[in-house]
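This report is a guided reading for someone meeting the structure for the first time. It takes up burial, the metal site, the sheet and the aromatic rings in turn.

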Amino acid sequence: MDKKEIEQLRRLLDKPKKIVIVPHKSPDGDALGSSLALYLFLKSKGHQVKVISPNDYPQFLKWMPGEAEILKFDQDVEKSKKIISEAELIFTLDFNHFSRAGDMEDSLKNATADFVMIDHHQEPDTYAKFMESDTAMSSTSQMIYHFLYRIDQLNAVTAEIATCLYTGIMTDTGCFRFPSTTSATHRTVAFLMDRGAKNSEIYQQIYDANSLDSLQLLGTALKNIKVLKEYRTAYISLSQDELDSCNFKKGDTEGFVNYILSLKNIIFAVIFIENKQEGIIKMSLRSKGSFDVNQVARKYYHGGGHRNAAGGRSSENMEKTIKGFFDILPEYENELK
Ligand code: 5GP
Ligand code: MN
């Protein structure tokens, strides 16, 4: 958004509006953090606002300020559709293509509202009248901070809003360790702490929330690591049986793929997770340095994301999916070896 567009949007927000905020499917800390921060801000300005998530999200995010007021599309389809169709403005946060909204895709396509996209993924679609897309940004939550700055509303940041934004930045930067973390990120976070975000408490809510089952599933995952030394690649597979035997719940495998990247000399990491109900293998891809997993996810796995973190899926069984994965590695030989 250039200055003129920001001014146009700021003026639109001068009068109470019916607004919907949408995070991507299976929202993570950043998608929810940015959505809830914007929700709390817009509500405080007198707008009629609803956050509608395409579906449910992990338990470790269910403490966030405003979270209890989120509508889940798949659990309340008719009500959600009505609110979307009556909206005057729809913010889509932390994604840039309607297909990332799962079963909400058609409702969004049919909406008459103007769209505002705020997002840091690659290759944005063009549905938004107002678009803030920046792949250099650590997180969408950091972009919400910049948006509030640009519309001259940082003074409206409460402790609750700061908590939501801090959560989003912390989770998307891997606790401020990924290369996307800049001095601007730290300045943003310093501001958020000054406004009442409690760093240590937020960390504990997110990361010290393991169940015995989820830790034991991590044990299984770590035992399953396979290393392909010649490609500086390693992967984990988790079958539905393995998930079931540890009473798998949404979010239990979050972060598992990062353990692979802690292996010395490994720059490409993949986790394959079977989902029998959906008939797919869900994949998370991670890399270090210039190797672009977003391209791999787009080309072979109906997915996408960022250069160093992407996701996708395969409709084949685990054995064929892994075999197919072996087959594509030679294509990236030069970058991996
Ligand atoms: P994760 O592996 O943690 O699910 O996702 C890593 C990154 O890739 C996130 O930025 C997420 O938004 C993106 N991502 C995950 N799954 C998909 C997918 O199926 N399609 C696209 N386009 N992006 C994805
Ligand atoms: Mn994000």
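## Terms and basis

A residue is called buried when its relative accessible area is under 20%, exposed when that area is over 50%, and partly exposed in between, with a 1.4 Å probe and protein chains only. At 30% relative accessibility, R232 therefore counts as partly exposed.

This is a predicted model, in which local features need pLDDT of at least 70 and side-chain atom pairs count only at pLDDT 80 or more, while totals for chains, interfaces and linings use all residues. Residues are numbered from 1 along each chain as its sequence is written, chains are lettered from A and ligands numbered from 1 in the order in which they are written, and side-chain values use heavy atoms, with hydrogens and water left out.

## The manganese site

The manganese ion (ligand 2) is held by four donor residues, D30 (OD), D94 (OD), H120 (NE2) and D172 (OD), at 2.2 to 2.3 Å. Donors here are N, O and S atoms within 2.8 Å of the metal (3.2 Å for Na, K and Ca), and because water is not among the atoms, sites may look incomplete. Along the sequence, the spacing of these donor residues is D-x63-D-x25-H-x51-D.

Helices (H or I, at least four residues) and strands (E, at least two) are DSSP runs, numbered from the N terminus. In these terms D30 belongs to helix 2 (residues 29-44), whereas D94 lies in the loop between strand 4 (89-93) and helix 4 (105-110), so that the pair links distant parts of the chain, 64 residues apart. D30 is buried, with a relative accessible area of 0%, and D94 is buried as well, at 1%.

## The six-stranded sheet

Two strands are said to pair if DSSP finds at least two bridges between them. An open sheet of six strands follows the order 7-8-9-10-12-11, with mixed pairing. Its edge strands are strand 7 (226-228) and strand 11 (304-305), each of which pairs on one side only. Strand 9 (residues 268-275) and strand 10 (residues 280-287) run antiparallel and are joined by eight bridges, and within this pairing V270 has L285 in strand 10 as its bridge partner. Helix 13 (residues 318-328) packs on the sheet, touching strand 7, strand 8 (233-238), strand 9, strand 10 and strand 12 (309-314), and its direction makes about 160° with that of strand 9. Contact means heavy atoms within 4.5 Å, and the angle, on a scale from 0 to 180 degrees, is taken between N-to-C directions of axes fitted to C-alpha atoms, for helices over the stretch in contact.

Strand 10 also pairs with strand 12, in the antiparallel sense, over six bridges, with G311 in strand 12 as the bridge partner of S284. Strand 11 and strand 12 run antiparallel too, joined by two bridges, and a hairpin connects them through three residues. G311 is buried, with a relative accessible area of 18%; leaving aside its neighbours within four places in sequence, its contacts include K282, M283 and S284.

## Aromatic rings

Rings of Phe, Tyr and Trp (its six-membered ring) pair if their centres lie within 6.5 Å, and planes under 30 degrees apart count as stacked, over 60 as edge-to-face and the rest as tilted. By this rule the count comes to 15 aromatic pairs. F115 and Y127 form an edge-to-face pair, 5.5 Å centre to centre with 80° between the planes. F115 lies in strand 5 (residues 114-119) and Y127 in the loop between strand 5 and strand 6 (130-133), so the pair ties together parts that are 12 residues apart in sequence. F115 is buried at 5% relative accessibility, and Y127 is buried at 16%.

Y235 and F325 also meet edge-to-face, at 6.3 Å centre to centre and 70° between the planes. This pair links distant parts of the chain, with Y235 in strand 8 and F325 in helix 13, 90 residues apart, and both residues are buried. Ring pairs join Y235, F268, F272, F291, F325, F326 and Y332 into a cluster.

## Loop residues with positive phi

R232, in the loop between strand 7 and strand 8, has a positive phi of about 50° although it is not a glycine. N265 lies in the loop between helix 11 (256-261) and strand 9 and has a positive phi of about 70°, although it is not a glycine. N265 is exposed, with a relative accessible area of 59%.
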